[in-house]
Amino acid sequence: MKQLHEYGYGNREQTESFINREVQETCDYIDTLIDTQDGVIVPEFLFNVANVNVVWGLASGTRFNHKDPKMLKLMDCVMDLIRYSELAGGIQSAYPFMLDWCPGLLQFPKVQEVNRKFQAFFREIIQEYRQAGAFRFSPKNFIEIFLQRIDIANKDNPGIFTDENLIAVLYDFLAGSILTTAETLIYAVLQFALHPEMQERMRNEIDTVFGKSRLSSVSEKQRTPFCTAFILEVLRLSTVVPLAPRKVYKDTSFGDYIIPKDTNLLINYYSIHMDKEFWGDPENFRPDRFLNEESSIINSDHIMSFSAGKRSCFGEPIAQANIYLFLTQLLQRFTFRRDADNTPPSAEFKPGLIVRLQPFSLLVKRRDYNK
Ligand code: HEM
């Protein structure tokens, strides 16, 4: 963590500049789709390359071109991760003990195979950094600092500074970030298409605060309360990480319950987000539930999308910035509509470790600034 902070993790400006670059690349790509496909886009894989580049950029200080063989290799791992995250979820999310009893039946070996592919990819990258050797003199990013610390660490007692740990951290970054952020963005653009009036309200707010030529910025997020409320409602209803496993290490009392040592628990974030008693109409997409009469944000502390406490999401600041900049800058350039001729948008989810939407297409148009 300390190394990440040294090299800009949590530094708003650096994070924002990485994200802005990727958002603008994605917008340029959408621009080409408007010319070549009459604006019909399938958002399913639209955000993956950008999300990989944001997280990879923060770890390595570099980005991959869309056609770079390394990016293609990484995307191959990511696509496998997407494919098998469905296998990793479902029944075994509800009954984790089945992993011990019948891993083959759950196709768990496939998930392990994806992990091995990721590890091989990272090992290759680490090898390249070692061969280049720049980290020995002036380390410039997280990977180089980590490699330098591995060299300095006592060989007999390396502590946390080992190749295996570097690989584990890089894997956690990429696997923890890509699907979650991409699915949240996909869910958001679906809501754009389903609620044109909300899109308009966000766009008015964005135009008022940032104008039509200045890129949106997280530093002024509090001046766009409806955009913030919209994102909170997306996080609530999408709940891309619906469950999280925990184990009780000592006998614990919680409310009226005594939970014995070694009990496996699943935290159900979905039930918190769909609690009828608190939200009233949890099934409806209604961002205004997060605004009071003065248009100030309320109830944001009831959103548990990033969990809470010690094991909460390490990447929350990056994810929050990513989602805000993506959505506001997409609206600065485009309008999103339902695509009547193709797959109708559906808010139905596929089950899995990460909850995912069924594929759908949308119609995207460039904004008409003369309106
Ligand atoms: C919308 C986007 C995201 C959502 C909804 C999300 C959600 C979560 C949740 C719920 C957890 C905790 C799981 C648990 O309770 O055990 C978590 C952990 C984690 N997330 Fe995220 N995440 C997102 C984006 C990111 C990003 C962008 C990164 C990396 C840059 C990231 C890295 C991690 C890591 C490393 C952990 C493990 C933390 C630990 O176990 O100590 N996540 N995430």
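Among contacts in the protein between residues at least 6 apart in sequence, 69% join residues at least 24 apart; a contact means C-beta atoms, placed from the backbone, within 7 Å. This is a predicted model: local features need pLDDT of at least 70, side-chain atom pairs count only at pLDDT 80 or more, and totals for chains, interfaces and linings use all residues. Residues are numbered from 1 along each chain as its sequence is written.

**Overall make-up**
- The protein has 14 helices and 9 strands, taken as DSSP runs numbered from the N terminus (helices H or I, at least four residues; strands E, at least two).
- Of the 371 residues, 33% are buried, meaning that 20 or more other C-beta atoms lie within 10 Å of a residue's own.

**Helix H2**
- H2 covers residues 12-36, and its end C-alpha atoms are 36 Å apart. That agrees with the expected 36 Å for 25 residues, a span of 1.5 Å times one less than the number of residues.
- Its buried residues are Thr-15, Glu-16, Phe-18, Ile-19, Glu-22, Val-23 and Thr-26.
- An α-helix has 3.6 residues a turn, so residues three or four places apart point the same way.
- Helix H3 (48-60) and helix H14 (316-333) are among the elements covering the buried residues of H2.
- Just after H2, Asp-38 has a positive phi of about 55°.

**Ligand shell**
- The ligand has 21 residues around it, each with its C-beta atom, placed from the backbone, within 6 Å.
- Gly-176, Ser-177, Ala-244, Cys-313 and Gly-315 come nearest.
- Helix H9 (163-194) and H14 each supply at least two shell residues. H9 gives the most, with 7.

Conventions. Buried ≥ 20, exposed ≤ 12 C-beta atoms within 10 Å, placed from the backbone. Contact = placed C-beta atoms within 7 Å.
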